[in-house]
Each structure stands twice: as structure tokens, then as C-alpha cells.
Amino acid sequence: MSKTYYDAADLRKFGKITEWSEELGAKFFDYYGKVFEEGALTAREKSLIALAVAHTEQCPYCIDAYTKDSLQRGITKPEMMEAIHVGAAIKSGATLVHGVQMMNKVNKLEM
Amino acid sequence: MATKSLKARNNDIAKTSKQLEILSNGIFSDGELPTFANKIKETNQFPLRPKKLEILQINLGYICNQVCEHCHVDAGPDRKEIMSVKTMKQCLEVIKKTEAHTLDLTGGAPEMNPNFRWFVEEASKAGIKDFIVRSNLTIIRANKKYYDLPKFFKKYNIHVVSSMPHWTRGKTDKQRGNGVFDTSIKALQELNNVGYGVPGSSLQLDLVYNPSGAFLPGDQKGLENDFKKALKEDFNIDFHHLFAITNLPISRFLEYLIASENYEDYMVALVDAYNPSAVENVMCTNTISVSWDGYLYDCDFNQMLNLKVASNVKHIADYNEAILEDRTIIINQHCYGCTAGAGSSCQGTVA
């Protein structure tokens, strides 16, 4: 057993999840692969979205995977960082927009 | 950024035996990853055999004005291995009678061989269809004596293939050294000025991209579009095609992979991306590589690992295409670099 919760080498073993549930695992990877193909969005655009989401989800495996994927696609460092800011802005916006809920509640409770 | 070759630094990895030992041990000996031989056996592609010869690639020497971090040749200003006139004459005899449609001169910086121009002039008389010189671009601006290279290339209708790791300064200079980007841009503009790379021009100018780090190249066409757009918008530069080439885990790139603790992940990435259809067209099946001292190899990478052809004919002096075609290609784990994804060769993707 690994002494830490996350082990970078585990990313290589991702495909093994199929071994304990073949049909669902295979369907997932089939879907996953299809999602990242060129479509209405380019594969490059999808990679940047994945990189941003990897950060908002704070998934270290995804961050490793999509940082490498971005480099492979020739995506520049400023583009990568801007994508993360988009994720961060939505995260902080999502927190702050709940401030309206707080304000509504205060207004309802206060005389 | 190294300023000397592995050889000049007396680095252990300069020894080809050491490189082959690394490539045969570790994750390949403990069974985590299949050896290349076992992998191609799965698809009945073992042993790898040559098809018809198409490309004769000649390495004019390992001397270079640059010391790129990823260089598989371990080239640099300190390398003394340079093709002699005697070997060049032997090569010219072969060039006159070869069935190959492409002659590909490489190095090091081939232009630094003192007899480069004479050799090009003589070789051009053979009338080979596609005559390539692999130029690193900065050589054109390295010294006044090279300033007229664009015109020289034009005179002999040379197909110029040049390295350009990125369209941004930072990534280029990190891989190839400070100032390389600006000098390369200037050199490309000068090639454009004499007609190279311009849309519709017969003077072919292609660029080679290899990743500046421990990752594989992305889609060649997508990268070509990005390069074209950026170089045109920022510097008004035109070129014809972009070849995306995978860095093979040998020589200085192997040293980098090990030092940066990326070796295992990189090999896993190569094996994961293994593509049997790339094996069909891998360049060793249509190429002969000639070293500065006239020995023959299945490819430039095998040359750098000192793996001479498995044939009775091992030297340009004894060259015989029919005998050479009847050989088995020597493989090792570095070959995964040519079969990953869309495949990789000196002419770009193969699948």
C-alpha cells in the first residue's frame, strides 16, 4: 500500500478499473475517448477546458494528464494559466453568488 | 543548458553500451513494459525487414554550432567527427547509382563540414529527385561565411528542412540556447527572401518540430496550422510543411529524461501510444543511414547507438543495395519513439 493517498504512478493504472467491472469500465473509456475527439469544439479547446476543470476539481491525476496534453498540443503557458483563471473565476463567482442567498436570508430575518 | 557534449563531459551516457543497458533494463527487464521485439511480435511484424530503399541519409559529421538539450547525436562545437573527402567520394559513387529518390544530408550542422559545398555540388549532378539538407537555421547567421547559404541552397534546388521547436521565444531558447529563436527567425526570413517556403514556390522549406520536454508531439497538422499562423502574423514568415518528430530516448534526451526523473513515465507514454500501423512505414524500412566514417545503419538513431546494419555489407566502400535489402533491422526499446501515435520519422509522421 502506498503511504500517501495519491501516487503519481497510479495514473498509469487508470485503465485497470475495467478489470473489476468490465462493461461499465469499457463504456466509460469509450465515452471518454469520444468526448475528446474533434467535434464542434477542437481537441485543443477541449484540452484547455479539461485543464481548467482538473484544477477546480483539484484532481492531481487530471492536472498531470492535461498539463502534458496541453504541452503536446503546443498550448502556451499563458494560455494554460488563463484557462485556470477561468476555472478559478467560476469557482469564486459560484461562492460569491451565494452571497445573494445570504443577503436574502438576512433581509428576511431582520426587522 | 549544457554547453558541451556528453562526450566532452565524459558523461557515462556518452557510451552507447550504457545507453543500451538503460534501455534494456529497468521497466523492460522487470516485465512492466514489453520489449519492442515482443510488442511487434504481437502483430506479426517481427522481424522488421526493409522494403524498397527510398532515402539515403548521409551524416556529414557531428560538429555543430549549437548544443541542443535534446540532441540525439550529442552534437556540438567540441565534436571532431567529420566526414573526410575520401568517404565523401565513396558516397558520391553510391549516389550516382542508388535507386533511392531522396538524398538527405544531416549532421551536426552539415554546413560546418569544410567540404560541404563541394559535396553538394557534386551530389546534385546525380539528379536525385529530392535533395534535402537539414539546416539548423542559426548556422546561416553564425558566421559571415555562411550568410550566402540561402542563395547556395537555391542554386542547387536544395530542399531545406530546418528545426524550429516552437513559435515562441521562451520554448525555443530553453531547448536550443539563448538567442536561437531570434537568429532562427532572421534565417527563415532570409530563406523566404530568396524564395524558399513561399506559397507556390518550388523551393521547398519545411520545419521540424520536436517537443521541448518529456512529452510526445501533438497532431502534426494542428501544430503546422499553429506554427503557420503565428510565424506569419508575428514575423511574416512562410514555410511549406511541418514535420512533428518524437524525441527518442537516446543520448542527450535520455540524459535529460533520467536527470529530470521523467524516464519511466516517458517510456510508458511511448509504449501506451504504440501504433502497429506506424510500424508498417517506420523509416528504417526505407532508409539507409551513412555515418561520417562511412558505416551503414538502419537509421540515424541506430547510428548514434553504434548498431551497424546486420548485413555483410557494413561500409559505404562495399555498398550493394541488393545485399542490404536482404537484412533484418536491428531494434531496441528506443524504436518505440518511431511507432508512438501517428509515428515519427525524419519526414514526420508515418501513419
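**Exercise 1. Contacts along chain A**

Find what share of the contacts in chain A with a separation of 6 or more comes from residues 24 or more positions apart.

*Solution.* Step 1: keep the contacts in chain A with a separation of 6 or more. Step 2: pick out those between residues 24 or more positions apart; they account for 55%. Keep in mind that this is a predicted model.

**Exercise 2. The build of chain A**

Decide whether chain A is a compact globule or more spread out than one.

*Solution.* Step 1: list the elements. Chain A has four helices and zero strands. Along the sequence, the pattern reads α-α-α-α. Step 2: compare two values. For 111 residues the globule rule gives 13 Å, but the radius of gyration of chain A is 19 Å, well over that value, so chain A is more spread out than a compact globule. Step 3: look at the spans. The C-alpha trace of chain A covers about 60 × 35 × 30 Å along its principal axes. Step 4: check burial. Of the 111 residues in chain A, 14% are buried.

**Exercise 3. Helix H1 of chain A**

Test the span of helix H1 (residues 22-35) of chain A against 1.5 Å a residue. Then say how many of its 14 residues are buried.

*Solution.* Step 1: the 14 residues of H1(A) should span 20 Å. Step 2: the end C-alpha atoms of H1(A) are 20 Å apart, which agrees. Step 3: count buried residues in H1(A). The count is zero, and the helix is hardly covered.

**Exercise 4. Where chain A touches chain B**

Work out how many residues each chain brings to the contact. Then find which helix gives the most to the side of chain A.

*Solution.* Step 1: chain A brings eight residues and chain B brings 11 residues. Step 2: on the side of chain A, helix H3 (residues 60-72) gives the most, with three residues. Step 3: sort this side of chain A by class. One residue is nonpolar, three are polar and four are charged.

**Exercise 5. Two helices of chain B**

Classify how helix H7 (residues 169-176) and helix H8 (residues 180-193) of chain B cross.

*Solution.* Step 1: the axes of H7(B) and H8(B) come within 8 Å and cross at roughly 105°. Step 2: this angle makes H7(B) roughly perpendicular to H8(B), because 65 to 115 degrees counts as roughly perpendicular. Step 3: name the residues in contact. H7(B) uses B:Arg169, B:Thr172, B:Asp173 and B:Arg176, while H8(B) uses B:Val180, B:Phe181 and B:Ser184. Step 4: group them. The contact of H7(B) with H8(B) has three charged, two polar and two nonpolar residues.

**Exercise 6. Unusual backbone in chain B**

Most residues other than glycine have a negative phi, and most peptide bonds are trans. Find exceptions to both in chain B, and place each one.

*Solution.* Step 1: look for cis bonds. One joins B:Phe46 and B:Pro47, with omega about -5°. B:Pro47 sits in the loop between helix H2 (36-42) and strand S1 (55-59) of chain B. Another cis bond runs from B:Gly107 to B:Gly108, with omega near 15°. B:Gly108 belongs to the loop between strand S2 (102-106) and helix H4 (116-124) of chain B.

Step 2: look for positive phi outside glycine. B:Leu137 has phi near 75°. This residue is in the loop between strand S3 (130-135) and helix H5 (138-142) of chain B. B:Ser251 has a positive phi of about 50°. B:Ser251 lies in helix H10 (residues 251-259) of chain B.

Step 3: test burial. B:Leu137 has 26 C-beta neighbours inside 10 Å, so it counts as buried. B:Ser251 also counts as buried, because it has 26 C-beta neighbours inside 10 Å.

Notes. Residues are numbered from 1 along each chain as its sequence is written. Chains are lettered from A and ligands numbered from 1 in the order in which they are written. This is a predicted model: local features need pLDDT of at least 70, side-chain atom pairs count only at pLDDT 80 or more; totals for chains, interfaces and linings use all residues. Axes are lines fitted to C-alpha atoms, for helices over the stretch in contact, and angles run from 0 to 180 degrees between N-to-C directions. Angles under 35 degrees count as roughly parallel, over 145 as roughly antiparallel, 65 to 115 as roughly perpendicular and the rest as oblique. Two residues are in contact if their C-beta atoms, placed from the backbone, lie within 7 Å. Ala, Val, Leu, Ile, Met, Phe, Trp, Tyr, Cys and Pro count as nonpolar, Asp, Glu, Lys and Arg as charged, and the others, Gly among them, as polar. The expected span of a helix is 1.5 Å times one less than its number of residues. A residue is buried if 20 or more other C-beta atoms lie within 10 Å of its own, exposed if 12 or fewer, and partly exposed in between; C-beta atoms are placed from the backbone. The radius of gyration is taken over C-alpha atoms; the globule rule is 2.2 Å times the number of residues to the power 0.38.
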